[in-house]
Amino acid sequence: MTGGRPGTAIIIFAMKILAFETSCDETAVAVVENGTKVLSNVIFSQIDLHKELGGVVPEIAAREHILKIIPVLDEALRVAKVGFDDIDAIAVTKEPGLISSLLTGIVTASTLALASRKPLIHVNHIHGHIYANWLDRDIDEIKFPILVLTVSGGHNELVLMKGHCDFEVLGETLDDAAGEAFDKVARLLELGYPGGPAISKIAEKGTAKYKFPRAWLGKDSFDFSFSGLKSEVARVIAKNELTDEFKADCAGSFEEAVCDVLSEKLIRAARKFGAKEVHLAGGVSANKRLRKMVAERLGTEAILRCPTRIEYCTDNGAMVAGAGYFMASRNLKKSI
Ligand code: KG4
Ligand code: ZN
């Protein structure tokens, strides 16, 4: 059993979880021990298939998941050096996501669980992203309360965690998620898909010379809005020639505006709720400028953690196994 403050202690149950993640355009299967030790994390990314069309095409994504799920499962077990009999429970992303993509993971996981009589754990995708910060770390290293900024293509939330599986949403986006805005602006700048890494790369060569708007939504609000910023960036792009210099400055100014709002609200919330730790999660947490800005503004007020590997920021199976483990541990603890 692990120690800690009341409400934060969890009992460690030795458990190997096999997890499936197919909520969007990654077919991902992982095996994780005790929520933190990643034995395998196999990801088949469909990016090359969707690139030419500038974004994820649900019909193509769904068909590809069906083709890849069994090979990816086989590979995950092979890399983890475990047989199916060694698996204690099966976890799967249930929502949110593209329904036609989610179905493949859910049907595969449910069928395996039913046939083998192993427990099946349904995981919320956003909770998966949040638990990516426990991967490859010591279970007791992380201290509550934690303020999490979970930000990706499909969601954008500020979450207060006072203990395991205790998620209080303080704010969320009222329109677009930051990752979605990155993808849209990248498309307008003809930088390709996915937009986040492309914007980040070209922004390094530019300066933030355009003063794009920040939607603060009132001084106490923890909500976000990026649609006004997106429209203003589109207006400036329409008035300029797409030279490399313009693209770099425009991307840099856009990235600066997004990171400014994300980091300011995150740190204000961390101070208000006395967070011991601040976590970044989701695809946009791979962004170097965001990490740097949060680190600089936070100083030594709280510990800053980002997923230990870039592949844990974007969609993957290990994060689903991690969240599944903590959910299962909590339920087992309740029942004994
Ligand atoms: O978490 P994720 O893989 O999928 C969703 O749950 O949506 O996040 C994908 C998003 C995309 O919008 C992508 O452009 C963004 O994360 N992203 C980034 C970076 N890497 C990925 N955004 C900014 N900077 C990056 N380095
Ligand atoms: Zn995601």
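Student: Which residue with a positive phi follows α8?

Tutor: The model under discussion is predicted. In this model, helix α8 covers residues 244–272. The residue that follows α8 with a positive phi, near 60°, is Gly274.

Student: How far apart are the end C-alpha atoms of helix α8, and why is that distance expected?

Tutor: Helix α8 has 29 residues, and the rise is taken as 1.5 Å a residue. The expected span is 1.5 Å times one less than the number of residues. The helix should therefore span 42 Å, and the separation of its end C-alpha atoms agrees, at 42 Å.

Student: Is α8 largely enclosed or largely open, and how many of its residues are buried?

Tutor: A residue counts as buried under 20% relative accessible area. Because so many residues of α8 meet that criterion, the helix is largely enclosed by the rest of the structure; the count is 22 of the 29.

Student: How many residues does α8 give to the largest nonpolar core?

Tutor: The largest nonpolar core holds 47 residues, and those touching the most other members are Leu147, Leu149, Leu158, Phe254 and Leu262. Elements giving two or more residues to this core include β6 (146–151), β7 (156–161), α5 (178–188) and α8. The largest share of the core comes from α8, with 14 residues.

Student: With which residues is Leu262 in contact, leaving aside its neighbours within four places in sequence?

Tutor: Leu262 is among the residues that touch the most other members of the largest core. Contact here requires heavy atoms within 4.5 Å. With sequence neighbours within four places left aside, the partners of Leu262 are Leu149, Val151, Asn156, Ala178, Phe224, Phe226 and Leu290.

Student: How many residues form the second, separate core?

Tutor: This core is separate from the one to which α8 gives the largest share. Among its members are Ile17, Ala89, Tyr312 and Ala323. Ile17 and Ala89 are also bridge partners, with Ala89 in β4. The size of this second core is 34 residues.

Student: What is the strand order of the five-stranded open sheet, and which strands stand at its edges?

Tutor: The sheet has mixed pairing and the order β3-β2-β1-β4-β5. Its twist averages 20° from one strand to the next. Two strands each have a single partner, so one side of each is left without a neighbour in the sheet; these edge strands are β3 (37–45) and β5 (120–124).

Student: In which sense does β2 pair with β1 and with β3?

Tutor: β1 and β2 form a hairpin with four residues between them, and six bridges join the two strands. β2 and β3 form another hairpin, with three residues between them and a positive phi of about 50° at Asn34 in the turn. In the pairing of β2 with β3 there are eight bridges. For β1 with β2 the sense is antiparallel, and for β2 with β3 it is likewise antiparallel.

Student: What handedness has the unit made by β4, α3 and β5?

Tutor: Five bridges join β4 to β5, and these strands run parallel; Thr93 has Val123 in β5 as its bridge partner. Helix α3 (residues 99–116) lies across β1, β4 and β5, at about 150° to β4. The resulting β-α-β unit is right-handed.

Student: At what angle does α2 run to β2?

Tutor: Seven of the eight residues of β2 are buried, so this strand is largely enclosed by the rest of the structure. Helix α2 (residues 58–80) lies across β1, β2 and β3. Relative to β2, the angle of α2 is about 25°.

Definitions and conventions: Residues numbered from 1 in each chain as written. Chains lettered and ligands numbered in written order. Predicted model: local features only at pLDDT ≥ 70, side-chain atom pairs only at ≥ 80, totals over all residues. Heavy atoms only, no water. Buried < 20%, exposed > 50% of the residue type's maximum accessible area, 1.4 Å probe, protein only. Pairing = 2+ DSSP bridges. Axes fitted to C-alpha atoms, helices over the stretch in contact; angles between N-to-C directions. Core = buried A, V, L, I, M, F, W, Y, C linked by side-chain atoms within 4.5 Å. Right-handed = clockwise from strand over helix to strand, strands pointing away.
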